[in-house]
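Got the viewer open? Here is a short walk through the model, one selection at a time.

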Amino acid sequence: MSRRKFIKNIAGASAALTTGALASPAHAARKRFVWKLVTTWPPNFPIFQEGVKRFAKEIKQISDGRLTIQVFAGGQLIPPLQTFDAVSQGTVQMGHGAAYYWAGKVPAAQFFTAVPFGMNAQGMNAWFYYGGGLELWREVYKPFGLTPFPMGNTGVQMGGWFRKKIEKISDLKGLKMRIPGLGGKVMAKAGVNPVLMAGGEIYTALERGTIDATEWVGPYHDLRLGLYRAAKYYYYPGWHEPGPTLELIINSKAWASLPRDLQLIVKTSATASNLLMLSEFEAKNLEALRTLETRYKVKTREFPAEVIKTLHQYTKITLDEIAAKDKLFSKVYNAYEQFRTSNDAWNSISEAAYARARKL
Ligand code: CA
């Protein structure tokens with residue numbers, strides 16, 4: 001290629017690039033967005049709040065500064081349990097929390113966090129990404145102008161902190177316990193008075209005796225919250241939250257205003273966070289549990305089989321009762337159950353069979 005021809009080619013290519021950059025869709029794509037994201041978590045809360053901050057930081061880098069997300073912990077901009085309304089009304093563009101906090105507005109939302117005795121994290125992700133779960137979630141949130149994404153999972157949680165031993169189902173009667181979602185409604189059948197409160201309020205409530213018991217997350221987070229100072233019995237397993245999913249919610253109008261490539265960056269980053277948060281719990285929980293047991297003399301106990309069996313029966317009754325009164329709940333319940341049944345069938349010859357095989 002002659003030098004003249006080479007220069008001409010370069011000039012042509014650069015003219016094409018310039019034209020492309022100034023054409024209207026591409027020009028719109030250079031627009032910079034500065035969004036606000038509020039969470040339901042305490043400030044500096046590891047994995048959840050820190051994970052959301054990492055999500056925002058990485059999106060800024062990947063998008064070359066075209067999408068900046070300012071992250072606020074619960075209470076910094078609005079009270080934590082007003083996250084849903086704030087994003088729905090467009091006061092802020094994004095929120096991070098858990099769908100079951102909004103059970104009072106839309107009972108069907110609870111399926112997108114956790115169902116007592118339901119699917120674990122692996123099952124939930126399969127349902128969301130390949131089993132129609134995410135489509136249903138979008139349908140449930142559509143009337144609120146919200147677009148949801150799974151973004152984080154704790155794995156199987158702990159059953160909770162109690163001041164006294166739980167040896168039989170009647171030991172639960174009369175307890176005031178912080179336990180959200182369907183788990184709380186199941187506990188109500190056992191005579192518990194379930195309370196919903198955000199993470200930042202739990203320790204004080206338990207310490208002052210405003211509540212008698214609480215569930216929160218798992219050893220890693222419960223250690224940080226200092227719950228061992230207010231109760232000594234730490235029960236497992238978290239039958240009520242076997243793999244709860246956290247949510248990213250986006251105001252649907254704001255979402256529609258994002259160019260497609262930024263939408264893809266947000267979606268892909270949320271999926272990455274979904275995996276990273278779960279992995280962090282899996283890696284860090286046991287060490288925290290050992291610290292609770294050895295340094296703080298916490299008594300780790302398994303719920304008696306009889307208590308678990310009864311709670312399992314109450315779960316079925318609870319779900320059927322709500323489904324009879326709420327059409328949307330019933331629709332999501334049926335879809336969830338259908339997927340769970342096939343997931344259980346596969347699980348029985350994959351994960352469960354493998355767990356048995358390792359013990360032989
Ligand atoms: Ca929990």
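**Stop one: the calcium site**

Select the calcium ion: with 6 donor atoms and angles of 44 to 168 degrees among them, its site is irregular (six donors count as octahedral if opposite donors are over 155 degrees apart and all others between 65 and 115; four count as tetrahedral if all angles lie between 85 and 135, or as square planar under the octahedral limits; anything else is irregular). This is a predicted model, where local features need pLDDT of at least 70 and side-chain atom pairs 80 or more, while totals for chains, interfaces and linings use all residues. Residues are numbered from 1 along each chain, and side-chain values use heavy atoms, without hydrogens or water.

Now show the donors (N, O and S atoms within 2.8 Å of the metal, 3.2 Å for Na, K and Ca; water is not among the atoms, so sites may look incomplete). They come from Gln157 (OE1), Glu215 (OE, twice), Trp216 (O) and Glu241 (OE, twice), at 2.1 to 3.1 Å. Trp216, between strand 8 (213–214) and helix 9 (219–225), and Glu241, between strand 9 (233–236) and strand 10 (245–251), sit in loops and are 25 residues apart (helices are DSSP runs of H or I, at least four residues; strands are runs of E, at least two).

Colour by accessibility next. Trp216 is buried at 3%, and Glu241 at 1% (buried means under 20% relative accessible area, with a 1.4 Å probe and protein chains only).

**Stop two: paired strands**

Pick strand 1 (residues 33–39) and strand 2 (residues 67–72), which pair in parallel over 6 bridges (pairing takes at least two DSSP bridges). Phe33 has Leu67 as its bridge partner.

Key. Buried means under 20% relative accessible area, exposed over 50%, partly exposed in between (1.4 Å probe, protein chains only).
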